[in-house]
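Work through the exercises below with the model open. Try each task before reading its solution.

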Amino acid sequence: MIRDSDFDDLAHKSGEWLRGTGPESDIVISSRIRLARNLADFPFIRRCSDEDRVSIERTIRAKMDSIHDWQDVRYIDLEQLSEIDRQFLVERQLISREIADAEGSRAVAIDPREQYSVMINEEDHLRIQVMHSGLDLKSAWQSIDELDDKLEGAILYAFHPQFGYLTACPTNVGTGLRVSVMLHLPALVITRQIDKVFRSMQRINVTVRGLYGEGSQYTGDFYQVSNQITLGHREQDLVALVGDDVVPRIIEYERKARDFLVKQGQQDLHDDVSRALGILSTAKKISSEETMHYLSKVRMGVNLGLIEDVPVGTINKLFIHTQPAHLQKLQGRLLGSSDRNVERATYLQCHLSGKLSDGDLN
Amino acid sequence: MKCQYCEKPATFHITELTEPDGPQVMHLCEEHARGFLQKEAATPAASIAGALAKQLNLGQTKQELAELDQKECPVCGISFFEFRNTGRLGCPFDYTHFSDDLIPLLTNIHDSVEHCGKRPRRAAAADSHAELIQLRREMEEAVEREDYERASEIRDELHRIEEAGSTEQNAREEEE
């Protein structure tokens, strides 16, 4: 494992999960699975002394160092990081907001392809997560299962024969597994079907959280679907509930809504997404909400073949790279809100005006 | 419109569709919206409060609840009252110590009280969590006062408990 506090190189790349490939990637951005684990011989984080936290971090780091194929895994001490660097890792989805804002000894291990990350001293001693592009939960489960076995070989987990893996919060006990699929559902929002679709999901043990605007408000049209329960079902069954049952149904609804929009008014839709691209590639200053709003339209335009020459991977990256900490890392300096709006516009213009191809995105 | 948590303008309007009483609309500034969206999918404290409220309706008297609130874990010292307020337990032994009180709660949240997924190859026996935590603390104290003989005795003891758990686990796997 490489101990590292300088990860400026990350700002110029992007994670595998943003490639915009994988099954159903026109609608599914990413498939994420996380496992919550705790050491058997320490209290849970909230009841840990500062010394306990240091001790947990050291114990786990030493065990990780002994994993033989982890030579190129990067280990970042979060306690030593600046706020902007922590924010950067949050935007990147490599750490949670909770661990970024916490205090005391805490760390994250990240693989070079950014497909998995292991947080130490989050709400639980260990939070392992794997993220894949598109709807790819089965292979994400395989990866995380192997990763969990590897760590378990070196660590004694807190486990109860009846209750399973013990977690600080009883909502995670049992499998400690949370499956989350990030969906892009602009057509269901435009056709005002989204509420109805999700209300029908409530009865089947999944949680949906969404961000969407009212009337003229800005929106990214992203929704995250997750399993609600963690105890009493096998991991594979929870993965199947979300990946084989719930998500395919939502995808079908979104496809139908897109078809409807195309049939109903191809020209209006074409006009709308083209204007969005026009604003993004010519604006001189732009907020991140406005960026999200128009990127969402452009993403749908690309997926419906109404916008050509812009790879969907580029759009996915722009959602992340135009966020505040990313812009500041790319510029190598701290920027106030209005300076960021100018930088964001320049950055978008650079990558959408057709001068650069996807490979040049940095 | 102002953000409901601070003075900044609310530019994000989030509708939470999973609230039991129907969709809830929140008006947030960029910063608070970001924080909200990046939180875990479930809001544990809220769902635990909900489940506990249900439990209360199911017949626990005020007096019973007051007594339960006083109950403390001998290892981490957390009281049931504290757990109720934060939604977080204090140590792995709480699942053994508060087992009877947690079972109705787990039934409410998960509709089950029996894990049937993956099991680790090595696991300490459930009732040994208290001993493991206490012994490790003692070992650290022994090291601090440079009593290395005692520290090494405790280390052996810890290994013995870990081994016993692994044997138990293997026996269970063979039975299955």
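**Exercise 1. Helix H9**

Task: Decide why H9(A) counts as largely enclosed by the rest of the structure. Then check its span and what follows it.

Solution. This is a predicted model. Start with burial. A residue is buried if 20 or more other C-beta atoms lie within 10 Å of its own. In H9(A), 14 of the 16 residues pass, so the helix is largely enclosed by the rest of the structure. Next, the span. H9(A) covers residues 288-303 and reaches 22 Å from its first C-alpha to its last. That is close to the 22 Å expected at 1.5 Å a residue. Finally, look just after the helix. There Gly305(A) has a positive phi of about 75 degrees.

**Exercise 2. Strand S5 and its partners**

Task: Establish which way the side chains of S5(A) point and whether they are buried or exposed. Then trace the pairing on both edges.

Solution. Take the residues in turn. Tyr116(A), Val118(A) and Ile120(A) point one way, Ser117(A) and Met119(A) the other, and all are buried. Five of the five residues of S5(A), 116-120, are therefore buried, and the strand is largely enclosed by the rest of the structure.

Move to the first partner. S4(A), residues 107-110, pairs with S5(A) in the antiparallel sense over four bridges. Opposite Ile120(A) stands Ala107(A). The two strands make a hairpin with five residues between them. In that turn, Glu114(A) has a positive phi of about 60 degrees.

Now the second partner. S6(A), residues 126-133, runs antiparallel to S5(A) and is joined to it by five bridges. Ser117(A) has Gln129(A) as its bridge partner. This hairpin also has five residues between the strands. Here Asn121(A) takes the positive phi, near 65 degrees.

**Exercise 3. Strand S2**

Task: Which strands pair with S2(A), and over how many bridges?

Solution. Begin with S6(A), carried over from the previous exercise. S2(A) pairs with S6(A) in the antiparallel sense over eight bridges. Gln129(A) is the bridge partner of Arg34(A). Gln129(A) thus serves both Ser117(A) and Arg34(A).

Then take S9(A), residues 177-184. Seven bridges join S9(A) to S2(A), and the two run antiparallel. Ile33(A) stands opposite Val179(A). Close with burial. Ten of the ten residues of S2(A), 28-37, are buried, so the strand is largely enclosed by the rest of the structure.

**Exercise 4. The nonpolar core**

Task: Which residues have the most contacts inside the largest nonpolar core? Follow one of them outward.

Solution. The core has 124 residues. Val108(A), Val225(A), Val242(A) and Val298(A) have the most contacts inside it. H8(A), residues 235-282, gives the largest share, 13 residues. Now follow Val225(A). Leaving out residues up to four places away in sequence, Val225(A) touches Val181(A), Leu183(A), Val206(A), Val208(A), Val242(A), Val246(A), Val247(A) and Ile250(A).

**Exercise 5. Two domains in contact**

Task: How many residues does each domain of chain A bring to the contact? Then describe the domain 1 side.

Solution. Set the bounds. The domain assignment gives domain 1 (2-180) and domain 2 (257-352) of chain A. Their C-alpha centres lie 30 Å apart. The contact takes 14 residues from domain 1 and 15 residues from domain 2. On the domain 1 side, H1(A) (8-12) and H3(A) (83-91) each supply at least two residues. The largest share, four residues, comes from H3(A). By class, this side has five nonpolar, four polar and five charged residues.

Note on methods. Residues numbered from 1 in each chain as written. Chains lettered and ligands numbered in written order. Predicted model: local features only at pLDDT ≥ 70, side-chain atom pairs only at ≥ 80, totals over all residues. Domains from an automatic or database assignment. Contact = placed C-beta atoms within 7 Å. Nonpolar A, V, L, I, M, F, W, Y, C, P; charged D, E, K, R; others polar. Buried ≥ 20, exposed ≤ 12 C-beta atoms within 10 Å, placed from the backbone. Pairing = 2+ DSSP bridges. Core = buried A, V, L, I, M, F, W, Y, C linked by C-beta atoms within 7 Å. Expected span 1.5 Å × (residues − 1).
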